[in-house]
Amino acid sequence: MTAADAIDTMVDINRYDPDYRQWLAQAIAKVRADARRSSDTHLLRVPVPSVAGVDLYLKDESTHPTGSLKHRLARSLFLHALCSGWIRPDRPVIEASSGSTAVSEAYFARLIGVPFIAVMARSTSREKVRLIEFQGGRCHFVDNAIEVYDVAAHLARETGGHYMDQFTFAERATDWRGNNNIAESIFDQLAEEPHPDPAWIVATAGTGGTSATIARYIRYTGRATGICVADPDNSAFFPSWRDGDAEVTTEICSRIEGIGRQRVEPSFVSSAIDRMIHVPDAAAIAAVHVLERLIGRKAGASTGTGLWAAFHIMSEMAAAGRDGSVVGLLCDPGDRYTDKYYSAEWLAAQRIDIEPYAARLRGFLESGRLS
């Protein structure tokens, strides 16, 4: 073949679409503007006088526009998908979710003008369903929570939409080096506190993206802070981490909405985790009832899962005579769960007795020891 022949056979496929690029630029600008308006949240100091020398803080993620920690994740996922060319005008975004991520993604879908469908278990709290629909989203229910992944992917193929797949992309969509992520915000807000580098930050895992972001940022900035993940009943994360087996699955789903999965999600970076604590569901729910007495506000049981682990670590530090600080997350407000974690009828139906754990927490608040 001569050079002239090569030139004659050149193929040029040009898919540049100026209208789409203009829409894309406007969509990204809207999402970034939301970040400027709502990127930071308060760091609350929680009074626990019985543990002298160990301070407790909660990063209050319930104050985001969509009311939960998942607002940060949804914003990162939308920016990642938009910049990757996966979201297109008039085509739906579809997500597998236990609720809060779907609320936040419905918000961003409406912000940029695309339809949104949330695939979720039928047991999801009624308030979360209402919030998704309030944000303009549509709910597609499945009877078994393990079905959400396949059903979401099928709907994306069927509609020509984009399956966001938070459980795969959570840890890679967020810039863990900084850019005002949750870890950078925590350390900035602690800068003037008595113990600016906490001994431990306690997170929980739904996708695993938050713990991955915090753990990576800690290492990147050269800090000695430990990252602990608290995990509820019926979750695959804790036994997988304990046994080093990424193939662990569980037969039933977590009763603590937003955290705990029946499989180990791709975004859970187990090698970055320093410590895990299994927290019984009854202990988590008892902890949010105690938190309400401490700060006058209700929180979801994912907050309680992390809070029980934080109390355990504080007790451990006090017993060792070690001063410092512990940071947990206030993930979402309790008014989303009045029919569950704050309902005596639901607790009875689930055979959850929180009183033994509530008694242990009362002892902790009096003595600083969590027996």
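Select Glu355 and Arg362 to begin: the two side chains form a salt bridge, and their closest N and O atoms are 2.5 Å apart. Glu355 is partly exposed, with a relative accessible area of 40%, and Arg362 is likewise partly exposed, at 36%. Please note that the model on display is predicted.

Next, select Glu265 and Arg261. This salt bridge has its closest N and O atoms 3.1 Å apart. Are its two residues buried or exposed? Glu265 has a relative accessible area of 1% and is therefore buried, the limit being under 20%. Arg261 is also buried, at 11%.

Proceed to Arg122 and Asp143, a salt bridge whose closest N and O atoms lie 2.9 Å apart. Arg122 sits in the loop between strand S4 (116-121) and helix H5 (126-134), while Asp143 sits in the loop between strand S5 (138-142) and helix H6 (148-159); the pair therefore ties together parts that are 21 residues apart in sequence. Asp143 is exposed, with a relative accessible area of 66%.

To conclude the charged pairs, select Asp34, Arg37 and Arg75, which are linked in a network of salt bridges. The structure holds 24 salt bridges.

Return now to S4 and S5 and display the sheet around them. In what order do the strands of this open sheet run? The order is S5-S4-S3-S6, four strands with parallel pairing. The edges are formed by S5 and strand S6 (162-163), each of which pairs on one side only. Between S4 and S5, the parallel pairing extends over five bridges. To locate one residue pair, select Ala118 and then Cys139, its bridge partner in S5.

Add H5 to the selection. This helix lies across S4 and S5, and runs at about 145° to S5. Then add helix H4 (residues 100-112), which packs against H5 at an angle of about 10°, with the two axes 8 Å apart. H4 is roughly parallel to H5, because an angle under 35 degrees counts as such. Which residues of the two helices meet? On the H4 side, select Ser100, Ala102, Val103, Ala106 and Arg110; on the H5 side, they meet Lys128, Leu131, Ile132 and Phe134.

The tour now turns to the nonpolar interior. Select Leu56, Phe311, Met314 and Val326, the residues with the most contacts inside the largest nonpolar core, which has 48 residues. Several elements each supply at least two residues of this core, including strand S2 (54-60), strand S7 (200-204), strand S8 (226-231) and strand S10 (324-330). Among the helices that do so are helix H11 (281-295), helix H12 (301-319), helix H13 (344-349) and helix H14 (355-367). Which helix gives the most to this core? H12 does, with ten residues. Apart from this core lies another, of 33 residues, among them Trp23, Phe78, Ala102 and Phe108. Ala102 was already selected above, as one of the H4 residues that meet H5.

For the final stop, centre the view on Met314 in the largest core. Which residues does Met314 contact, leaving aside its neighbours within four places in sequence? Select Val48, Val51, Val54, Leu56, Val326 and Phe364 to display these contacts. Two of the residues in that selection, Leu56 and Val326, are also among those with the most contacts inside the largest core.

How values were computed: Residues are numbered from 1 along each chain as its sequence is written. This is a predicted model: local features need pLDDT of at least 70, side-chain atom pairs count only at pLDDT 80 or more; totals for chains, interfaces and linings use all residues. Side-chain values use heavy atoms; hydrogens and water are left out. A salt bridge is a side-chain nitrogen of Lys or Arg within 4 Å of a carboxyl oxygen of Asp or Glu. Buried means under 20% relative accessible area, exposed over 50%, partly exposed in between (1.4 Å probe, protein chains only). A nonpolar core is a set of buried Ala, Val, Leu, Ile, Met, Phe, Trp, Tyr and Cys residues joined through side-chain atoms within 4.5 Å. Contact means heavy atoms within 4.5 Å. Two strands pair if DSSP finds at least two bridges between them. Axes are lines fitted to C-alpha atoms, for helices over the stretch in contact, and angles run from 0 to 180 degrees between N-to-C directions. Angles under 35 degrees count as roughly parallel, over 145 as roughly antiparallel, 65 to 115 as roughly perpendicular and the rest as oblique.
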